[in-house]
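User: I am new to this structure and would like a close look at one part. Please take me through the places where the chains meet.

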Amino acid sequence: MSAREDILNRIGAALRDAPAVPDIPRNYRRVSAMTAEQRLEQLVDRLVDYKASVFVVPAAEAAGKLAELLAGTASVVVPHGLPQEWLSALPPAGTDDAGSPAVAVDSPQRRLTVAELDAVDAVVTAAAVAVSETGTIMLDGSPSQGRRIISLVPDRHVCVLRAADIVEVLPEAVARLEATAPQTWISGPSATSDIELERVEGVHGPRTLDVLILQ
Amino acid sequence: MSGTFLGMPALPAYGHGNLNATEPFPKAAHRELGNAQLRANLGHATHTIRDKRLKVVAELPDWEDMRDSGSAIKNATMAQLPALLEQFEANFTARGGTIHWARDAQEANEIVTSLVRATGETEVVKVKSMATQEIGLNEYLEDQGIAAFETDLAELIVQLDHDKPSHILVPAIHKNRSQIREIFLREMEDVDPALTDEPARLAEAARRHLRKKFLTAKVAVSGANFGLADTGTLTVVESEGNGRMCLTLPDTLITVMGIEKLLPSWSDLEVFMQLLPRSSTGERMNPYTSLWTGVTPGDGPQNVHLVLLDNGRTAALADEMGRTALNCIRCSACMNVCPVYERTGGHAYGSTYPGPIGAILSPLMTGIKSEKNNSLPYASSLCGACFDACPVKINIPEILVHLRGEDVDSRRATIKVPTQMDLMMKGAEWAFSDGAHLGLLEKGLPLGRLAAGRDKVIKKLPGLAGKWTRSRDLPAPPGQSFRQWWARDHKAPDGVVPGTGTTNGTGTGSPTESEGGQA
Amino acid sequence: MKIALFATCIVDAMYPRTARATVAILERLGHEVVFPPGQACCGQMHVNSGYFKEALPVVANHVRAFDTDDYDVAVAPSGSCVASVKHQHELVARRCGDAALEARAAVVGAKTYELSQLLTDVLGVTDAARQLGSHFPHKVTYHPSCHGMRLLKLGDRQLKLLASVAGIELVELPEADQCCGFGGTFSLKNADVSGAMLEDKAANICGTGAELCTGGDASCLMHIGGGLSRQGSKVGTLHFAEILASTLDNPVPVAGDVQLAGGRR
């Protein structure tokens, strides 16, 4: 008998008393009771609590703010589907403008190697959705967010989030995500509580998380 | 049961591996209690985490609703486990993942070894996983010439110190910062000799130490927090990014997951990803959660395996009174609030699973007669703090009592000479099964009073009761029992006016006139 | 109201004053108290030690003693024993396959109350000084026993009653919700861990500067008092029923001839 058959048989025998399948109560909050304003405020509060830096600007100022945030950064990687206009205030690639970063684009045609990513200072991605109550930003691997590896290896992650994509509670975000997409849920920079259960930020994942919220 | 004939599984099929107390709990506890440093470390850590958990749980108006949902979802999972496993398998496989089934620890270790061998590699990086701890995978791989590197900070500390984990969430909870610094200085080849004991500096040292390992690793081994049946999705919940490194960078990913870790549906994650972080680290959300479904072309490992592990889980499932122990999501809230764990630490339990949940899960998975696991269900004062803290409402005290019953029954069946405890219980059965019997015994109270002497306290008792008087006095018994007083002296009240002090003094006013007070 | 007193074995044999105080309180409120003579013990010690077979006759005896229409409600001055009556008796009967006993146990359990529950929820006592004449001019700290707190969800019922006693000075006990380490036979089977828990509880109590520690369970108070006494502490223990029963004219003495646990040198 295969292990599979054996285990399934064991389970069948263990459940010989045929326990009832209970109805699942779902009385927890599944939709937001907050205004968009309140959600934004709550998200900022949570992210700051996690020691992320948060910047809220009108959507029209996205490119300018990004250029400001990336000034002094030597190199940046972006996913191929990142909205072009967000990078429009950066000097075009090839110009040797001191203080503006070299931008590498990670795409299905040209995937950066681990070593290349390790040499990059920062990554800029979009986000799929964010949960204000828990301060969580979800990436789902779509072209504006890229492969999981690009938002992991560089030491600084600049994440651009549209205010319209902020929900209050986790069930709202889960409903918007595609389960089978490769996902990373991010709540602040990497951290550990392994030493005396005190939280300290900055371990293996990006040690700096900047969140740019576009209104 | 001896159902070895064809087609019928031999039940219960108990688990093996690191699931046993190897010495009786009281003996191990006695040793650990003597370690003042350990007690100080544990006291500090458990109190820190308790306060954090209470704070974030109090934030949610629907915490109890979520616990009700979590509990029901897990009960529903267990009731439909075969169908959900098959559904999960179909979905995970359809997306390019490969599923393996392991009856026990040995089989799981063999499967992982052969998968690593097939890659030609001799090193693996590991994400913290209780399942691989349970089956002793690292030791097995080492015997096979494969080096396993733990990457979670606490696991790294334990591995570098050649120690054993003592907590399921924070395996190095028994070490304080200066001890961790010493371990790093002693065991990390590339460490900065000026390393301080500041947690941020220690975390940075771990980052430097493991960075190259992550970037060059070809094979990773992980556990999983949840498997979602209706989509075939796996989940790893973590903080440091070591999980993301292992789950994303290598070509080959081998995950070992207990069969009970399933949830029926993707949307059930909305409940458990609220329950788990708040219960375990006391955070609103853990820094990183990774989700993958089989293989994603061009993103992450392309050679993806899952080992579904029984190793005694079906034995636990077969116990109708104990099966809800399988609902455990390994948050560790129960051990963080447990007054026994707080004082003994995790090593006293022997098993990979310490604390209140370990005291039920270990004997359920191995059978009550395995090694010294029959001592684990007694490692509790039944105070109930664990039940209150459990995010999926496992009634741990009730299962502890059930397993004590299993232990008593199993010893009854094999041991012919009754223990002192057996005799005491037998005697108490007679005394307490009839008011007249108790009344008769109470006639002897003055004798106890005599024994107590002028100090009216008993400082030393013989036999089993001597364990009481090791650190406590016993008051002298009263001159007469309540029963005797009621029969002889109690008179019906005659209209006492409350608070006016005009009691008639004949039995209703004051309970204090004769001796025998609270002691 | 006709109220059946379940004294509990430990109070009956070791702390009769607690039961007498309970009677006094209820009679002062104008109720009739009866004492079903067949009663002995709730059986919790057997159950919690895994001796289900031996527990069955004990549970059956309790149900036999209290399964009558001769009273309106039953009361016990113990959260732990009431929790056993309410939660364990059916379980024992079911485990031993006695369906008839299970059904009767449920009936008895439903009409059994812990003392503070009865006083607060049924008898409407909100002001012990006014309604019971309670007077107790002492500095007191309070330990909420685990089973009352967690199994019966008594909340602050006992504490509120105590706070309404005239003259009392209540001081908060740090880490009050931590178990004292008694746990029945746990204190014998795991005497070292139990002792370590007791040590911390005793230290917290002594740190309050209270003259005594009160609570709702004689067994926990015996444990705590026994530890305090062994350490040579002068702090005693006293069941809250006795504090409620204490009046200006008939005060419960805290030192002197009447002994309090741990209060003896």
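How much area is buried between chain C and chain B, and what share of it do carbon and sulfur atoms give?

Analyst: This is a predicted model, in which local features need pLDDT of at least 70, side-chain atom pairs count only at pLDDT 80 or more, and totals for chains, interfaces and linings use all residues. Residues are numbered from 1 along each chain as its sequence is written, chains are lettered from A and ligands numbered from 1 in the order in which they are written, and side-chain values use heavy atoms, with hydrogens and water left out.

The area buried between chain C and chain B is about 7,900 Å². Carbon and sulfur atoms give 57% of it. Buried area is the accessible area (1.4 Å probe) that two parts lose on being put together, summed over both.

Contact here means heavy atoms within 4.5 Å. By that rule, 95 residues of chain C touch 93 residues of chain B. Of the two pairs of chains that touch, B and C have the most contacts.

Nine salt bridges link chain C and chain B. A salt bridge puts a side-chain nitrogen of Lys or Arg within 4 Å of a carboxyl oxygen of Asp or Glu. One of them joins Asp200(C) to Arg343(B), at 2.7 Å from N to O. The side of chain C that touches chain B holds 46 nonpolar, 26 polar and 23 charged residues. In this split, Ala, Val, Leu, Ile, Met, Phe, Trp, Tyr, Cys and Pro count as nonpolar, Asp, Glu, Lys and Arg as charged, and the others, Gly among them, as polar.

Now the other interface of chain B. Here 99 residues of chain B meet 76 residues of chain A. They bury about 7,800 Å², 59% of it on carbon and sulfur atoms. On the chain B side, Arg103(B), Arg207(B) and Glu270(B) lose the most area to chain A, together 9% of what that side buries. Arg103(B) also forms a salt bridge with Asp6(A), with the closest N and O atoms 2.7 Å apart. The count of salt bridges between chain B and chain A is 15. Helix H10 (residues 199–216) of chain B supplies 11 residues, the largest share of the side that touches chain A.

Strands meet as well. S9 of chain A (residues 183–186) and S9 of chain B (residues 288–292) run antiparallel, joined by four bridges. Strands pair if DSSP finds at least two bridges between them. Trp185(A) has Thr289(B) as its bridge partner. Helices (H or I, at least four residues) and strands (E, at least two) are DSSP runs, numbered from the N terminus.

Chain A and chain C share no contact, and their closest C-alpha atoms lie 15 Å apart.
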